[in-house]
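Me: I am new to this structure and would be grateful for a close look at a single part of it. Please describe one helix together with the helix packed against it and the empty space around them.

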Amino acid sequence: MTSMELLFWICLLLAFYTYLGYGLVLVVLVKLKELLGFRYPAPDPAYLPSVTLVIPAFNEADFIATKAQNCLELDYPRDKFRILFITDGSSDGTDKVLEDIAGVEVTHSPERGGKSAAENRAISLVNSDIVVFCDANTLLNKEAIRRLAAHFADPKVGAVSGEKRIFKEAQQDVAGAGEGLYWKYESTLKRFDARLYSIVGAAGELIAFRTRLFEPLEHDTILDDFVQSMRICLQGYRVTYEPEAYAMETASASVSEELKRKVRIAAGGWQSMSRLLPALFYLRQPLLSFAYISHRVLRWSITPLALLLLIPLNIWLVVSSYEVLYGVLLAGQILFYLGVFLGYKAELAGRKSKFFVPYYFFIMNYAVFAGFFRWLKGSQSAKWERAKRG
């Protein structure tokens, strides 16, 4: 085998493992572990610690009253539940709308420091056992807080992630279909990650922490939910998953809007990897490192490069070896990128297409390169932008 052939097969196997193989290995490991009798304690619905729900909101005046009403309808003992909105930097009167709603608290600063800075300021106002963060543009199911709180009966649980869901009617175009399918796949992986040991990357739309474990974040932190949950893991605690506590939101208004979000996440991924180096070789719990590298690091670093290299390597091997296998694999790549192009054309035409999967997959990997250069230049702001949703 020549060096070019070896590199080609390494790239191909890396891509397969990252997007399909890891999930298969994960399922096998979880089934084997549970077959041997190793299971984590079930959540205790009778466990009701004090909870503060914190909602950072930036220029959400047109939706914030609906969000506040949704929070007030959540099923949790009122004497143990507090709702706190933090509206730093909002200039559209978001804070004024909230001040007229009984049952919620609001704290506002005219300075816009970004989501991490807002959460750092909010945590200084929290004195409950548990703090839950959720996004202002989401709606929670009625029992979400109870579902999250039940997991903290286990003293080794440091955080609990809820599930992000896309409204079904928002999944009718290319952007919505791609985002909806992606989150279904992610949710499945997270369920198995949690059963193996711990998830590696909580959904910022809805996540609960033990308040005493919360570490103030650097103000320029882009992926606050991810970094915070990983640092809790590095303290020796698990971050588990509760799919029946979910945050519903509409999909991005278009693929271009989704791309903006993905590039920001990718830049945050590179920043996070640079700040979480101990997680790569966490000898105290090697399963955490295994999941972190397999589920996050590969996606955010080497695998998109491997996908890019597959094209010229495959062409070289077809020309130099004349082997049928390489011709078939090249034909498969050509068909895939044809699907990307057709998905792109469907997006331009504003119609739904069965080619949304390759198009969304391409956009997701392109964002890794764009995010890398944005992180390298330090041009990705930690100040959140209000996303244009469908």
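Reply: The account below begins with helix α1 and its contact with α11, and then turns to a pocket and a cavity.

The model is a predicted one. Helix α1 spans residues 3–35, and helix α11 spans residues 324–349. Their axes come within 14 Å of each other and cross at roughly 40°. Because angles under 35 degrees count as roughly parallel and those from 65 to 115 as roughly perpendicular, α1 is oblique to α11. The crossing in which α1 passes α11 is left-handed.

On the side of α1, the contact is made by Glu5, Phe8, Trp9 and Leu12. On the side of α11, Leu325, Tyr326 and Leu329 take part. Sorted by class, this contact has six nonpolar residues and one charged residue, with no polar ones.

Helix α1 also has a part in the second largest pocket, where six residues of the lining come from α1, the largest share. This pocket has a volume of about 660 Å³. Its lining consists of 24 residues. Those that lie nearest the centre of the pocket are Ala15, Tyr19, Leu20, Phe336 and Phe361.

Both helices of the crossing described above, α1 and α11, supply at least two residues each to the lining of this pocket. The same holds for α6 (174–196), α10 (302–321) and α12 (356–377). By class, the lining of the second largest pocket divides into 19 nonpolar residues, four polar residues and one charged residue.

A cavity remains to be described. Rolling a probe the size of a water molecule over the atoms shows where empty space is left. The structure holds one cavity of 30 Å³ or more. About 40 Å³ of space lies in this largest cavity.

The residues that line the largest cavity are Glu119, Phe133, Gly204, Ile207, Phe209, Phe214, Asp224, Asp225 and Gln228. Two elements, β7 (206–210) and α7 (224–233), give two or more residues to this lining. Helix α7 gives the most, with three residues. Sorted by class, the lining of the largest cavity has four nonpolar, two polar and three charged residues.

To return to the part requested, α1 crosses α11 obliquely and gives six residues to the lining of the second largest pocket.

Conventions:
Residues are numbered from 1 along each chain as its sequence is written. This is a predicted model: local features need pLDDT of at least 70, side-chain atom pairs count only at pLDDT 80 or more; totals for chains, interfaces and linings use all residues. Side-chain values use heavy atoms; hydrogens and water are left out. Axes are lines fitted to C-alpha atoms, for helices over the stretch in contact, and angles run from 0 to 180 degrees between N-to-C directions. Helices (H or I, at least four residues) and strands (E, at least two) are DSSP runs, numbered from the N terminus. Angles under 35 degrees count as roughly parallel, over 145 as roughly antiparallel, 65 to 115 as roughly perpendicular and the rest as oblique. A crossing is left-handed if the near helix is turned anticlockwise from the far one by less than a right angle, and right-handed if clockwise. Contact means heavy atoms within 4.5 Å. Ala, Val, Leu, Ile, Met, Phe, Trp, Tyr, Cys and Pro count as nonpolar, Asp, Glu, Lys and Arg as charged, and the others, Gly among them, as polar. On a 1 Å grid over the protein atoms alone, a cavity is a set of points where a 1.4 Å probe fits but cannot get out, and a pocket is an open set with protein on both sides within 12 Å along at least five of seven lines; lining residues have an atom within 4 Å of a point. Grid points are joined across faces, edges and corners, and a volume is the space filled by probe spheres set on the points.
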